[in-house]
Amino acid sequence: MTTAVVRALGALAHQAAHAHPDDPCVCPPPTVLADRADGTVVRSGAVVAKAHASGTDTPGLLTRLTLADDPRLTGILLAPLVPHPAAPSALLDGRPVTLWPHGRPVDPVDPDAAPWEEAAALLAGLHRTPAPPSLALPPMRGPAKAALAVARMRAARPADPATAPVLEAWRRLPAWARDEAAAPARRSCFLCHGDLHLGQLVRHPAPHGPWLLIDVDDAGLGDPAWDLARPAAWYAAGILPPEVWLRFLDAYRAAGGPAVRAEGDPWPELDVPARALTVQTAALAFAKSATEERTPDEVELAMIDACARIASLPPELGARHSS
């Protein structure tokens, strides 16, 4: 991201933070909160400006912004600053920009305080909410993001034999999980976040308000199990402790979430999405480590090893819950 674009985002956020331009300003300089290919986020005071990814489907983004502003999702999704968004606030380098209230994120250095139960309850509330009939919502982008991760790995490590287990685990997924076909109809009509992880939660109003889900770039209709798949994959790979996984799963079930059966084994619903997120995470690990000219770290290796286990399963086991 160029300095000029960061400055422009900071100026937009600062302007939105001051309803009355003549008021004295005590804001610190704008702060870059994130700078990735999928979005650059700059904060000024109580406002955050986000430049979305190049090539963003702007009509789809507008629909997702309207969803985030739906009163039925108040207390679940953080709403954009514009009450009824009709267009992004600006275009910077061809990238749409949106404005949001600032919220306090999860503390990355205090994992014991991570709001797993709150995240589960928010997901259950999202999944239980009927899709607004007036909105032509696109599919949630979970499978598309997994496919992009695999493509990124292939580009970063062409013909690298180390990636073979990841590619084999990918090949064993059903076509819908690889973004090559529509999801089964019975599992594709729920409101989904599409990219759930702890970085997608903030407290608003900051610093002690309730937790809310942010970042609707990947939201849409789909299989709600996809929103549980990242913690499920971490648990299966030995990264997320069993007690934390069970806290998350129990809280989701207690809140009436429809992604898994109310009791008993949740893996018939979770198996395919969890395998897809395992592949996505491992593929990104290979791609990032190649770009940064390093070997995968311990957590990344755990996900790569999980792909190797998936790839070694007898085909009938790998396909058991593929539809």
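This tour visits the cysteines, a buried strand and a group of aromatic rings in a predicted model.

Begin by selecting C25 and C27. The sulfur of C25 lies 3.8 Å from that of C27, its closest cysteine sulfur, which is too far for a bond. A disulfide would require the sulfur atoms to be within 2.5 Å, and a search of the whole structure finds zero disulfides. C25 is partly exposed, at 41% relative accessibility. Select C307 next: this cysteine is buried, with a relative accessibility of 0%.

Move then to strand β5, residues 95-101, where seven of the seven residues are buried. In a regular strand, side chains alternate between the two faces of the sheet. In β5, R95, V97, L99 and P101 point one way, while P96, T98 and W100 point the other way. Add strand β3, residues 47-52, which runs antiparallel to β5 and is joined to β5 by five bridges. Within this pairing, V47 stands opposite P101.

Turn finally to the aromatic rings, which form seven pairs. Select W116 and F248, an edge-to-face pair with 5.8 Å centre to centre and 85° between the planes. W116 belongs to helix α3 (residues 116-128) and F248 to helix α7 (residues 242-254), so the pair ties together parts that are 132 residues apart in sequence. Both W116 and F248 are buried.

Proceed to Y235 and W245, which are stacked at 5.6 Å centre to centre, with 10° between the planes. Y235 lies in helix α6 (residues 226-236) and W245 in helix α7, ten residues apart. Y235 is partly exposed, with a relative accessible area of 30%, whereas W245 is buried at 2% relative accessibility. To close, select W116, W234, Y235, W245, F248 and W267 together: ring pairs link these residues into a cluster.

Definitions and conventions
Residues are numbered from 1 along each chain as its sequence is written. This is a predicted model: local features need pLDDT of at least 70, side-chain atom pairs count only at pLDDT 80 or more; totals for chains, interfaces and linings use all residues. Side-chain values use heavy atoms; hydrogens and water are left out. Buried means under 20% relative accessible area, exposed over 50%, partly exposed in between (1.4 Å probe, protein chains only). Helices (H or I, at least four residues) and strands (E, at least two) are DSSP runs, numbered from the N terminus. Two strands pair if DSSP finds at least two bridges between them. Rings of Phe, Tyr and Trp (its six-membered ring) pair if their centres lie within 6.5 Å; planes under 30 degrees apart count as stacked, over 60 as edge-to-face and the rest as tilted.
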